[in-house]
Amino acid sequence: MRETRNLHLSCGILYNHESEYRDPKFVSRKISKGFARVKLELQNQIELGNLDSRRDWGYAEDYVYAIWLMLQQDSPGDFIISSGNQHSVKEFLIETFSVSGLPGIFSDYVKFDPNQLRPQDPNFLVGDSTLAKLKLGLSAENISPNSSTKS
């Protein structure tokens, strides 16, 4: 459509992006909401599937800023928007647990649930946003519009 109709269209492939508004059915919210509910004594454990699954997680606000930058370009393009880093579900659990204030170790509160395994999901996802960094000027320091180093 870009070439046929001479439209200014850009495409973005957005890797996992999270925020406080993420639906609780997603693993990041299952973990954060789960530890909060355990802390409030509303539940005893968090039930999860594969803790070794690795994802490229970023912050949704940063990704929206990247989309806005794509639309500001003189020429349209296709961009991958990602953090370029992988973290496992287990790492996410450990980090969330570390700020929860709960006693013990994180595994005291986690129960494996085979029903939550997703066999068709790839175990390792990481994006290469080199082109977006080069053409849009994205970096770890300036991807967010709230960043003090934003150009």
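Start by selecting Asp-78: at 43% relative accessible area, this residue is partly exposed. Keep in mind as you click around that this is a predicted model.

Now add Arg-2 to the selection. Arg-2 and Asp-78 form a salt bridge, and their closest N and O atoms sit 2.8 Å apart. Colour by element of secondary structure and you'll see what the pair links: Arg-2 is in the segment before β1 (11-14), while Asp-78 belongs to strand β6 (residues 78-81), so the bridge ties together parts that are 76 residues apart in sequence.

Switch on a surface and check Arg-2 itself. Buried or exposed? Arg-2 has a relative accessible area of 18%, so it counts as buried, the cut-off being under 20%.

Next, pick Glu-3. Arg-2 makes a salt bridge here too, with 3.8 Å between the closest N and O atoms. Glu-3 is exposed, at 66% relative accessibility.

Time to move to another pair: select Glu-91 and Arg-54. What holds them together? A salt bridge, whose closest N and O atoms are 3.5 Å apart. Glu-91 lies in helix α3 and Arg-54 in strand β4 (residues 54-55), so this bridge connects parts that are 37 residues apart in sequence. Both ends are partly exposed: Glu-91 has 35% relative accessibility, and Arg-54 has a relative accessible area of 25%.

Before leaving the charged residues, show Arg-2, Glu-3 and Asp-78 together once more. Salt bridges with shared partners join these three into one network. If you want to tick off the whole set, the structure holds four salt bridges, including the Arg-2 to Asp-78 pair and the Glu-91 to Arg-54 pair.

Glu-91 has already brought you to α3, so stay there and select residues 89-98, which make up the helix. Which residues of α3 are buried? Show side chains for Val-89, Leu-93, Thr-96 and Phe-97. Look down the axis: these residues cover an arc of only 100° around it, which puts them on the same side of α3.

Now spin the helix round. The face turned away from the buried side carries the exposed residues Glu-95 and Ser-98.

Last stop: what do the buried residues of α3 pack against? Bring up α1 (27-39), β3 (46-48), β7 (87-88) and β8 (110-112), since you'll want each of them on screen. The buried residues of α3 pack against one helix, α1, and against the strands β3, β7 and β8.

Definitions and conventions. Residues are numbered from 1 along each chain as its sequence is written. This is a predicted model: local features need pLDDT of at least 70, side-chain atom pairs count only at pLDDT 80 or more; totals for chains, interfaces and linings use all residues. Side-chain values use heavy atoms; hydrogens and water are left out. Buried means under 20% relative accessible area, exposed over 50%, partly exposed in between (1.4 Å probe, protein chains only). Helices (H or I, at least four residues) and strands (E, at least two) are DSSP runs, numbered from the N terminus. The arc is that of the directions from the helix axis to the C-beta atoms. Contact means heavy atoms within 4.5 Å. A salt bridge is a side-chain nitrogen of Lys or Arg within 4 Å of a carboxyl oxygen of Asp or Glu.
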